[in-house]
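Q: Please give me a close look at a single part of this model, with the cut-offs behind each term. Keep it brisk.

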Amino acid sequence: MNKKGFIFDLDGVIVDTAKYHFLAWKKLANSLDIDFSEEQNEELKGVSRVKSLEKILAWGNTSVSEEQFTELMAKKNTDYLGYVNTMTEDEILVDVPKVLNFLKEVEQPFALGSASKNARMILEKVALINDFKSIVDGTNVSKAKPDPEVFLIAAKELNIKPEDCIVFEDSVAGIQAANAASMISIGIGEKETLKEADYVFKDFTEITTAFIKQLIEN
Ligand code: BG6
Ligand code: MG
(Lines give C-alpha, C1' and ligand atoms only; values in the text may rest on other atoms or scores of the structure.)
(Ligands and ions follow the chains in the order given, each with its own letter.)
Protein backbone atom coordinates (compact mmCIF):
# COMPACT_ATOMS: atom_id res chain seq x y z
CA MET A 1 0.00 0.00 0.00
CA ASN A 2 1.13 3.59 -0.73
CA LYS A 3 2.35 5.65 2.20
CA LYS A 4 0.77 9.07 2.62
CA GLY A 5 1.40 11.57 5.39
CA PHE A 6 -1.68 12.78 7.22
CA ILE A 7 -1.32 16.07 9.11
CA PHE A 8 -3.95 17.33 11.54
CA ASP A 9 -4.43 20.83 12.86
CA LEU A 10 -5.44 20.75 16.55
CA ASP A 11 -7.75 23.63 17.54
CA GLY A 12 -11.04 23.26 15.66
CA VAL A 13 -10.09 19.94 14.05
CA ILE A 14 -9.35 17.54 16.90
CA VAL A 15 -10.83 19.58 19.76
CA ASP A 16 -13.10 22.61 19.99
CA THR A 17 -10.86 24.97 21.93
CA ALA A 18 -12.11 28.07 20.06
CA LYS A 19 -14.75 28.48 22.78
CA TYR A 20 -12.02 28.69 25.43
CA HIS A 21 -9.89 31.07 23.38
CA PHE A 22 -13.03 33.22 23.03
CA LEU A 23 -13.71 33.36 26.79
CA ALA A 24 -10.10 34.21 27.60
CA TRP A 25 -9.74 36.85 24.86
CA LYS A 26 -13.11 38.38 25.75
CA LYS A 27 -12.15 38.78 29.40
CA LEU A 28 -8.88 40.39 28.39
CA ALA A 29 -10.45 42.71 25.77
CA ASN A 30 -13.21 43.79 28.16
CA SER A 31 -10.63 44.55 30.86
CA LEU A 32 -9.18 47.05 28.36
CA ASP A 33 -12.68 48.41 27.55
CA ILE A 34 -12.61 46.77 24.13
CA ASP A 35 -15.69 44.93 22.84
CA PHE A 36 -15.07 41.43 21.52
CA SER A 37 -17.66 39.41 19.60
CA GLU A 38 -17.92 35.79 18.47
CA GLU A 39 -17.58 37.04 14.89
CA GLN A 40 -14.26 38.63 15.75
CA ASN A 41 -13.21 35.40 17.45
CA GLU A 42 -13.80 33.64 14.11
CA GLU A 43 -11.14 35.89 12.59
CA LEU A 44 -8.63 34.67 15.16
CA LYS A 45 -8.89 31.02 14.15
CA GLY A 46 -5.47 29.69 13.22
CA VAL A 47 -3.90 33.05 14.09
CA SER A 48 -0.93 33.08 16.51
CA ARG A 49 -1.24 34.46 20.05
CA VAL A 50 0.84 37.56 19.23
CA LYS A 51 -1.12 38.34 16.05
CA SER A 52 -4.43 37.77 17.89
CA LEU A 53 -3.57 40.35 20.55
CA GLU A 54 -2.37 42.81 17.89
CA LYS A 55 -5.71 42.45 16.11
CA ILE A 56 -7.76 42.93 19.29
CA LEU A 57 -5.80 46.07 20.22
CA ALA A 58 -6.27 47.43 16.68
CA TRP A 59 -10.04 46.74 16.81
CA GLY A 60 -10.16 48.71 20.07
CA ASN A 61 -7.92 51.49 18.72
CA THR A 62 -5.69 50.85 21.72
CA SER A 63 -1.93 50.75 21.98
CA VAL A 64 0.14 49.40 24.86
CA SER A 65 3.83 49.33 25.76
CA GLU A 66 5.94 46.32 24.87
CA GLU A 67 5.98 45.34 28.55
CA GLN A 68 2.18 45.54 28.85
CA PHE A 69 1.83 43.53 25.65
CA THR A 70 3.88 40.70 27.16
CA GLU A 71 1.85 40.87 30.38
CA LEU A 72 -1.45 40.76 28.48
CA MET A 73 -0.33 37.71 26.49
CA ALA A 74 0.64 35.92 29.72
CA LYS A 75 -2.67 36.85 31.35
CA LYS A 76 -4.71 35.54 28.45
CA ASN A 77 -2.77 32.30 28.39
CA THR A 78 -3.16 31.73 32.15
CA ASP A 79 -6.93 32.16 31.77
CA TYR A 80 -7.00 29.91 28.71
CA LEU A 81 -5.02 27.19 30.47
CA GLY A 82 -7.56 27.29 33.30
CA TYR A 83 -10.11 25.99 30.78
CA VAL A 84 -7.66 23.57 29.14
CA ASN A 85 -7.02 22.03 32.54
CA THR A 86 -10.63 20.89 32.73
CA MET A 87 -10.45 19.06 29.36
CA THR A 88 -10.86 15.30 29.06
CA GLU A 89 -11.10 12.72 26.25
CA ASP A 90 -14.79 13.63 26.00
CA GLU A 91 -13.79 16.80 24.19
CA ILE A 92 -12.29 15.02 21.19
CA LEU A 93 -14.53 16.05 18.30
CA VAL A 94 -16.99 13.52 16.95
CA ASP A 95 -15.57 10.80 14.67
CA VAL A 96 -11.97 12.01 14.92
CA PRO A 97 -11.04 8.68 16.63
CA LYS A 98 -12.71 6.83 13.73
CA VAL A 99 -10.25 8.40 11.28
CA LEU A 100 -7.19 8.12 13.56
CA ASN A 101 -7.93 4.47 14.29
CA PHE A 102 -8.37 3.71 10.60
CA LEU A 103 -5.01 5.33 9.79
CA LYS A 104 -3.38 3.20 12.48
CA GLU A 105 -5.05 0.08 11.14
CA VAL A 106 -3.78 0.68 7.60
CA GLU A 107 -0.36 1.81 8.92
CA GLN A 108 -0.40 5.33 7.54
CA PRO A 109 1.72 7.81 9.52
CA PHE A 110 0.10 10.93 10.94
CA ALA A 111 1.36 14.12 12.55
CA LEU A 112 0.05 17.20 14.31
CA GLY A 113 0.61 20.62 12.69
CA SER A 114 -0.65 23.35 15.02
CA ALA A 115 0.03 27.04 15.67
CA SER A 116 -0.57 26.55 19.39
CA LYS A 117 2.21 26.62 21.95
CA ASN A 118 -0.14 24.64 24.22
CA ALA A 119 -0.63 21.76 21.77
CA ARG A 120 1.26 19.13 23.74
CA MET A 121 -0.59 19.95 26.95
CA ILE A 122 -3.96 19.70 25.18
CA LEU A 123 -3.03 16.36 23.57
CA GLU A 124 -2.09 15.08 27.02
CA LYS A 125 -5.42 16.22 28.48
CA VAL A 126 -7.38 14.37 25.78
CA ALA A 127 -5.05 11.34 25.93
CA LEU A 128 -3.85 11.55 22.31
CA ILE A 129 -0.25 12.53 23.02
CA ASN A 130 1.14 9.09 22.13
CA ASP A 131 -0.87 8.64 18.95
CA PHE A 132 0.99 11.06 16.67
CA LYS A 133 4.25 10.03 15.03
CA SER A 134 5.32 13.66 15.08
CA ILE A 135 4.05 16.81 16.81
CA VAL A 136 4.89 20.16 15.26
CA ASP A 137 3.44 23.15 17.12
CA GLY A 138 3.87 26.85 17.83
CA THR A 139 7.09 26.17 19.70
CA ASN A 140 8.74 24.62 16.62
CA VAL A 141 8.06 27.25 13.96
CA SER A 142 9.27 30.75 13.21
CA LYS A 143 6.64 31.59 10.58
CA ALA A 144 2.90 31.39 11.26
CA LYS A 145 0.25 29.96 8.91
CA PRO A 146 -0.44 30.83 6.03
CA ASP A 147 3.29 30.17 5.76
CA PRO A 148 3.70 26.43 4.99
CA GLU A 149 6.58 25.97 7.50
CA VAL A 150 4.61 24.00 10.13
CA PHE A 151 3.35 21.46 7.57
CA LEU A 152 6.69 21.16 5.75
CA ILE A 153 8.42 20.32 9.04
CA ALA A 154 5.72 17.74 9.79
CA ALA A 155 6.17 16.13 6.33
CA LYS A 156 9.92 15.95 6.89
CA GLU A 157 9.44 14.33 10.31
CA LEU A 158 7.03 11.80 8.80
CA ASN A 159 9.56 11.21 6.03
CA ILE A 160 6.88 11.73 3.37
CA LYS A 161 7.14 14.12 0.39
CA PRO A 162 4.88 17.22 0.74
CA GLU A 163 2.95 16.22 -2.43
CA ASP A 164 2.02 12.99 -0.64
CA CYS A 165 0.67 14.74 2.45
CA ILE A 166 -2.94 15.47 3.32
CA VAL A 167 -3.82 18.27 5.74
CA PHE A 168 -7.00 18.63 7.84
CA GLU A 169 -7.63 22.28 8.76
CA ASP A 170 -10.48 24.49 9.99
CA SER A 171 -8.90 27.89 9.31
CA VAL A 172 -8.46 29.83 6.09
CA ALA A 173 -4.80 30.55 6.97
CA GLY A 174 -4.24 26.82 7.52
CA ILE A 175 -5.77 25.84 4.18
CA GLN A 176 -3.58 28.42 2.47
CA ALA A 177 -0.53 27.01 4.29
CA ALA A 178 -1.38 23.46 3.13
CA ASN A 179 -1.87 24.64 -0.46
CA ALA A 180 1.41 26.59 -0.34
CA ALA A 181 3.12 23.37 0.79
CA SER A 182 1.67 21.55 -2.30
CA MET A 183 -0.33 19.25 -0.02
CA ILE A 184 -3.95 18.12 -0.38
CA SER A 185 -6.07 20.40 1.81
CA ILE A 186 -9.18 19.18 3.57
CA GLY A 187 -11.29 21.89 5.18
CA ILE A 188 -13.34 21.12 8.29
CA GLY A 189 -16.15 23.68 8.46
CA GLU A 190 -18.15 25.80 6.04
CA LYS A 191 -17.68 25.56 2.25
CA GLU A 192 -18.17 29.32 1.81
CA THR A 193 -15.36 30.09 4.28
CA LEU A 194 -12.93 27.36 3.24
CA LYS A 195 -13.40 27.73 -0.51
CA GLU A 196 -9.66 27.39 -1.22
CA ALA A 197 -9.60 23.82 0.16
CA ASP A 198 -9.47 20.78 -2.15
CA TYR A 199 -12.31 19.19 -0.16
CA VAL A 200 -14.58 20.55 2.59
CA PHE A 201 -16.56 18.57 5.18
CA LYS A 202 -18.75 19.91 7.97
CA ASP A 203 -17.05 17.56 10.43
CA PHE A 204 -15.50 14.09 10.62
CA THR A 205 -18.90 12.35 10.56
CA GLU A 206 -18.91 13.18 6.83
CA ILE A 207 -15.48 11.65 6.25
CA THR A 208 -15.73 7.95 5.48
CA THR A 209 -12.94 5.41 5.72
CA ALA A 210 -13.59 4.72 2.02
CA PHE A 211 -12.68 8.35 1.29
CA ILE A 212 -9.46 8.05 3.32
CA LYS A 213 -8.62 4.82 1.48
CA GLN A 214 -9.12 6.58 -1.82
CA LEU A 215 -6.72 9.36 -0.72
CA ILE A 216 -4.13 6.72 0.13
CA GLU A 217 -4.51 4.89 -3.16
CA ASN A 218 -4.39 7.95 -5.43
C1 BG6 B 1 -4.40 28.16 16.87
C2 BG6 B 1 -5.75 28.71 17.29
O3 BG6 B 1 -4.48 26.79 16.68
O4 BG6 B 1 -3.43 28.45 17.87
C5 BG6 B 1 -5.65 30.20 17.61
O6 BG6 B 1 -6.68 28.50 16.25
C7 BG6 B 1 -4.56 30.42 18.65
O8 BG6 B 1 -6.88 30.68 18.05
C9 BG6 B 1 -3.24 29.83 18.17
O10 BG6 B 1 -4.38 31.82 18.90
C11 BG6 B 1 -2.13 29.96 19.22
O12 BG6 B 1 -2.48 29.21 20.34
P13 BG6 B 1 -1.81 29.29 21.76
O14 BG6 B 1 -2.38 28.10 22.49
O15 BG6 B 1 -0.33 29.18 21.56
O16 BG6 B 1 -2.19 30.61 22.37
MG1 MG C 1 -7.52 25.32 13.82
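A: What follows goes through the sheet, a helix beside it, the metal site and some charged pairs.

This is a predicted model: local features need pLDDT of at least 70, side-chain atom pairs count only at pLDDT 80 or more, and totals for chains, interfaces and linings use all residues. Residues are numbered from 1 along each chain as its sequence is written, chains are lettered from A and ligands numbered from 1 in the order in which they are written, and side-chain values use heavy atoms, without hydrogens or water.

Start with the sheet. It is open and has six strands, in the order S3-S2-S1-S4-S5-S6, with parallel pairing. Strands (E, at least two residues) and helices (H or I, at least four) are DSSP runs, numbered from the N terminus. Two strands pair if DSSP finds at least two bridges between them. Strand S3 (134–136) and strand S6 (199–201) are the edges; each has a single partner strand, so one side of each lacks a neighbour in the sheet. Neighbouring strands are turned by 20° against each other on average, direction ignored. Angles run from 0 to 180 degrees between N-to-C directions, with axes as lines fitted to C-alpha atoms, for helices over the stretch in contact.

Now the S3 edge. Strand S2 (residues 110–113) runs parallel to S3, and three bridges join them. Alanine 111 stands opposite serine 134 in S3. Helix H8 (residues 172–180) packs on the sheet. H8 touches strand S4 (165–169) and strand S5 (184–188), and its direction makes about 170° with that of S5. Contact means heavy atoms within 4.5 Å.

Next, helix H7 (residues 149–158). Its buried residues are Glu149, Val150, Phe151, Ala154, Ala155 and Leu158. Buried means under 20% relative accessible area, exposed over 50%, partly exposed in between (1.4 Å probe, protein chains only). Those buried residues pack against strand S1 (5–8), S2, S3, S4 and H8. Asparagine 159 follows H7, with a positive phi near 65°.

The metal site comes next. The magnesium ion (ligand 2) has the protein donors Asp9 (OD), Asp11 (O) and Asp170 (OD), lying 2.0 to 2.1 Å from it. Donors are N, O and S atoms within 2.8 Å of the metal (3.2 Å for Na, K and Ca); water is not among the atoms, so sites may look incomplete. In sequence the donor residues are spaced D-x1-D-x158-D. Aspartate 9 counts as buried because its relative accessibility is 5%. Aspartate 11 is buried too, at 17%.

Aspartate 9 also has charged partners. Asp9, Lys145 and Glu169 are linked in a network of salt bridges. A salt bridge is a side-chain nitrogen of Lys or Arg within 4 Å of a carboxyl oxygen of Asp or Glu. The whole structure holds 12 salt bridges.

One of these salt bridges leads back to S3. Aspartate 131 and lysine 104 meet through their side chains, at 2.6 Å, N to O. Aspartate 131 lies in the loop between helix H6 (119–125) and S3, and lysine 104 lies in helix H5, so the pair ties together parts 27 residues apart in sequence. Aspartate 131 is partly exposed, at 22% relative accessibility. Lysine 104 is also partly exposed, at 41%.

Another salt bridge joins lysine 202 to aspartate 203, with the closest N and O atoms 3.4 Å apart. Lysine 202 is partly exposed, at 49%.
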